[in-house]
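Colleague: Could you take a close look at the cysteines for me? I'd like to hear how they are placed, and then a bit about the packing and the open space elsewhere.

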Amino acid sequence: FGRQPTILVDGVPASVLARTQDGAILTRVPAGVSSGTVRFEVSHPNGKAELGRPMSRYALAAARGTDALHVLREQQGVVTENAPLAIPGVARIAFSSDGALAYVAARGGDDGQKKSAVHVVSMVGAHGPRVVQTSVPFAFEVVAIAVAERAPLLVVVGTHELKLFSLREPWRPAAYPTVDVSSSLENHGAIASADVSPDGHWLALALSDSNRLIFWDLGDPRAPRMAATLDVLPGERVSLARDLSFSPAGEFLWVLSGESVATRKEGRWPSKLTSVRVSAAPEVVRTVEIPGGSAPLAMTVGKSEKVPSGAAIRAVPEEAAIYVSAMRSATGADGPAPTGLVLRTNMNGEGGIISALTGIPGDADATPDARLWLGTVCAGSGAGATVSIVVVKLAQGEIAQSLPLESVTSCAAPFATCRLQP
């Protein structure tokens, strides 16, 4: 072509990764492009060429206590299941920012020592996802796993431990020493949820027995340090914090709170979202009530923030979509078929119920184009409990599919994990 060509993939700029001997171009589909027929446009001094190619998006899911990592494929709103991968004891899943790799934290082995490891799964092979690397085992149970979107850092969190990995070679994570964070928990329980900021600088931890957050500075991943603590719901003596997530740009941490079966005997509390400005001295800047949810369980944040029209180019974090999994009732009195809910809201307190579910919703994700919500739902009790993947069309608010995955012994959280490719 002479000069470097310009490539657009469904209108999104992409770069030239390589050229073949016959003049063809190798490019990577940007994260966030919708599945279906994707339009590729190549412009150069001699003209422009266009073509369309079918594209799909993978999801990975696993039920607790099973030996399979389920591989699902979404194309134009339809989800099908591929052959599963044999990974015993899957606990949590995170994707690289470009979606080329998945990092699967699992707890396997038959020696009774509760060893965990991170399995690296390639998502771009010609024959589908496959395990390409496994880390050296480490001796703690995994609560959360997160990848910094704009930094080469993987964070694995246990109930009282942190383990960081360098992703300078993304397919071969290099482990830093395990960090014991027990002394920072201050008798407020174990770590219940965690997230890492997009730039990899901050790690936020929520504790199980309080509404306290702990912020860790990961600026030097070889020596992370506790930077600050914050009571996100000052004055509340009951533990109400349920989940947390950084905003897409990383300047805010959003915390989901509300009642549960365990807190109901102490009183009634509305479901809320609290926005915390992230810094070495974090502060609560806003709290809004969530319309429609009685007992929130988990949250997932839309992959992009809304950009206002006109000359402004900065995204509006308050308008980013936040999807909340909740129960209609926190009394535990729904009987054999409890009603779960999928809600859409934002930090302006707008939104409401999108869809009702038969069962208890768990880990979930949404496609970058906000077309589908895909989540785990547990229904039944005892040996008759079943985990399914439920697909909800977000615009219509209707359940499109329900795919049974596994039988489990309990619907107690966390009964399953699920993540969509970016």
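Modeller: Sure, and keep in mind that this is a predicted model. By class, the second largest pocket is lined by 17 nonpolar, 10 polar and 4 charged residues, but let me start with your cysteines. Searching the whole structure turns up 1 disulfide. The partners are Cys378 and Cys411, with their sulfur atoms 2.0 Å apart. The link is left-handed, at -75° about the S-S bond. Cys378 sits in strand S33 and Cys411 in the loop between strand S35 and strand S36, so the bond ties together parts that are 33 residues apart in sequence. Cys378 and Cys411 are both buried.

Then there's Cys418. Its closest cysteine sulfur is that of Cys378, but at 14 Å this is too far for a bond. Cys418 counts as buried because its relative accessibility is 0%.

On to the packing. The largest nonpolar core holds 23 residues, and Val155, Val157, Leu162 and Trp216 are among those with the most contacts inside it. Strands giving two or more residues to this core include S15, S16 and S17. Beyond its neighbours within four places in sequence, Val157 is in contact with residues including Phe140, Ile191, Leu203 and Leu205. A second, separate core has 18 residues, including Val232 and Leu240.

Back to that pocket: the space in it comes to about 800 Å³. Its lining has 31 residues, with Val29, Met55, Met123, Val124 and Gln421 nearest the centre. Strands S4, S6 and S7 each supply at least two residues of the lining.

Terms used: Residues are numbered from 1 along each chain as its sequence is written. This is a predicted model: local features need pLDDT of at least 70, side-chain atom pairs count only at pLDDT 80 or more; totals for chains, interfaces and linings use all residues. Side-chain values use heavy atoms; hydrogens and water are left out. On a 1 Å grid over the protein atoms alone, a cavity is a set of points where a 1.4 Å probe fits but cannot get out, and a pocket is an open set with protein on both sides within 12 Å along at least five of seven lines; lining residues have an atom within 4 Å of a point. Grid points are joined across faces, edges and corners, and a volume is the space filled by probe spheres set on the points. Helices (H or I, at least four residues) and strands (E, at least two) are DSSP runs, numbered from the N terminus. Ala, Val, Leu, Ile, Met, Phe, Trp, Tyr, Cys and Pro count as nonpolar, Asp, Glu, Lys and Arg as charged, and the others, Gly among them, as polar. A nonpolar core is a set of buried Ala, Val, Leu, Ile, Met, Phe, Trp, Tyr and Cys residues joined through side-chain atoms within 4.5 Å. Buried means under 20% relative accessible area, exposed over 50%, partly exposed in between (1.4 Å probe, protein chains only). Contact means heavy atoms within 4.5 Å. A disulfide is a pair of cysteine sulfur atoms within 2.5 Å.
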